[in-house]
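Me: Please take me on a close look at one single part of this structure. I'm new to it, so spell out the terms as you go.

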Amino acid sequence: MTIQSALRVKIFTLFPEMFPGFLGQSLSGKALEKGLWALETVQLRDFATDNHKTVDDTPCGGGAGMVMKPDLLDRALSAHQPLGRFIYMTPRGKPLTQKLAHELAQEQNLSILCGRYEGVDQRLLEAYDAEEICIGDYVLSGGEPAAMIMLDAIIRLLPDVIGNAGTHDEESFENGLLEYPHYTRPAVWTGPDGVERPVPDVLMGGHHANIAKWRQEQSEAITKERRPDLWDKFKKKD
Ligand code: SAM
C-alpha cells in the first residue's frame, strides 16, 4: 500500500509510558503498525537542569498546586523543531468537535503538550502560540488521556485507516445530526424483560429509498430530543 500522508505526532509529557496506550490497539494500533501515523514521545523531565530534575514550581501569587516551568518546556520544545501544529490540552481550550478532528487529520505534523498539576506557565503558551483544545467540560488529572482521545478521533479519519471511505458520512456530527439507531439479526429478539422486540419492518424490506428516509427521520428526531443545541444549528442551515 502506498502511504499518502502519514501523520507524525510528537507528545510532550511527564508520562511517556502512557503511550501509545489504547492507541496501540484496534484501528489506531493497526494504523500505527502500517505507518499511517507515527508517534514520538518526549520526556519533559529529561530537560530539567537541576539534580532533582524539577519540572514545576509554586504558583506566583499563591494558591494550591504547582505550575509547569516555562524554561524547561522551552528547552524540550526547541529541541524538537519543527513542531507543526502545536496544541496544548486544557479545560480552557476550544472544544474538540468532529469538525476540528477533520481539520487536524489534514495535518502532517502535530505536537501535543500534556499538562499536569495546575497546568503550564502562561508565558510559554503565548511564546509558542499554542492552540488550546478541551475534550469536554470536566477536569482530568493530566493532558495525556485528553491527547489520546483527541488522537483517536483524528486517526480514524486518516486515509486508509477505515476501509470504506463512505463509513464516516452518516456518522454522528458529520451532517450536524446524531446517528440513527442500528439493528442486526435476529429479526425478533426477546430481552431479559421477556418483551419480544422486532427489527423495524422498513429495515427488513430492502427498499433503499424508504430505509434512507426512515434513517433521516430517526436522526432528526433523536437530535431534536437529545441535543437541542445541535438541532437549532441544523435547522438554521436549512
Ligand atoms: N487547573 C486546571 C483548570 O482548572 O483548568 C486543571 C489542571 S488539570 C488537573 C491538569 C492538566 O490536565 C491540564 O493542564 C490539561 O493539560 C489536562 N486536562 C484536564 N482536563 C482537561 C480537559 N477537559 N481537556 C483537555 N485537557 C485537560
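Reply: Let's start with a pair of strands: β5 and β7 run side by side in the parallel sense, joined over five bridges. Strands and helices here are DSSP runs, numbered from the N terminus (E and at least two residues for a strand, H or I and at least four for a helix), and two strands pair if DSSP finds at least two bridges between them. To pick out one bridge, look at K94, whose partner in β7 is I133. The helix α3 packs on the sheet here and touches β5, β6 (109–114) and β7, where a contact is heavy atoms within 4.5 Å. Its direction makes about 170° with that of β5; axes are lines fitted to C-alpha atoms, for helices over the stretch in contact, with angles from 0 to 180 degrees between N-to-C directions.

Before going on, bear in mind that this is a predicted model, with pLDDT of at least 70 needed for local features and 80 or more for side-chain atom pairs, while totals for chains, interfaces and linings use all residues. Numbering runs from 1 along each chain as its sequence is written, and side-chain values use heavy atoms, leaving out hydrogens and water.

Now step back to the whole sheet. It's an open one with five strands in the order β2-β1-β6-β5-β7, paired in parallel. The edges belong to β2 (37–43) and β7, and each has a single partner strand, so one side of each has no neighbour in the sheet. On average, neighbouring strands are turned by 30° against each other, direction ignored.

Back to β5, which also has a part in a pocket. The second largest pocket has a volume of about 420 Å³. A pocket is found on a 1 Å grid over the protein atoms alone, as an open set of points where a 1.4 Å probe fits, with protein on both sides within 12 Å along at least five of seven lines; lining residues have an atom within 4 Å of a point. Points are joined across faces, edges and corners, and the volume is the space filled by probe spheres set on them. Among the 25 residues of this lining, Y88, M89, T90, P91 and E118 come closest to the centre. At least two residues each come from β5 (85–95), α4 (122–127), β7 (131–134) and α5 (143–155), and β5 gives the most, with five. By class, 13 of the lining residues are nonpolar, eight polar and four charged.

What leads into β5? The loop between α2 (70–78) and β5 holds P82, and the peptide bond from Q81 to P82 is cis, with omega near -5°. Another cis peptide bond joins F19 and P20, with omega about 0°; P20 sits in the loop between β1 (7–13) and α1 (26–34). Over in the loop between β2 and β3 (56–57) you'll find K53, a residue other than glycine whose phi is positive, near 55°.

Finally, follow α3 away from the sheet. The largest pocket holds about 490 Å³ of space, and of its 14 lining residues T97, Q98, F173, L230 and K233 are closest to the centre. α3 (98–105) and α8 (228–237) are the elements that give two or more residues to this lining, with the largest share, five residues, coming from α8. The lining draws at least three residues from each of domain 1 (7–155) and domain 2 (165–237). The C-alpha centres of these two domains lie 36 Å apart, with bounds taken from an automatic or database domain assignment.

Terms used:
Ala, Val, Leu, Ile, Met, Phe, Trp, Tyr, Cys and Pro count as nonpolar, Asp, Glu, Lys and Arg as charged, and the others, Gly among them, as polar.
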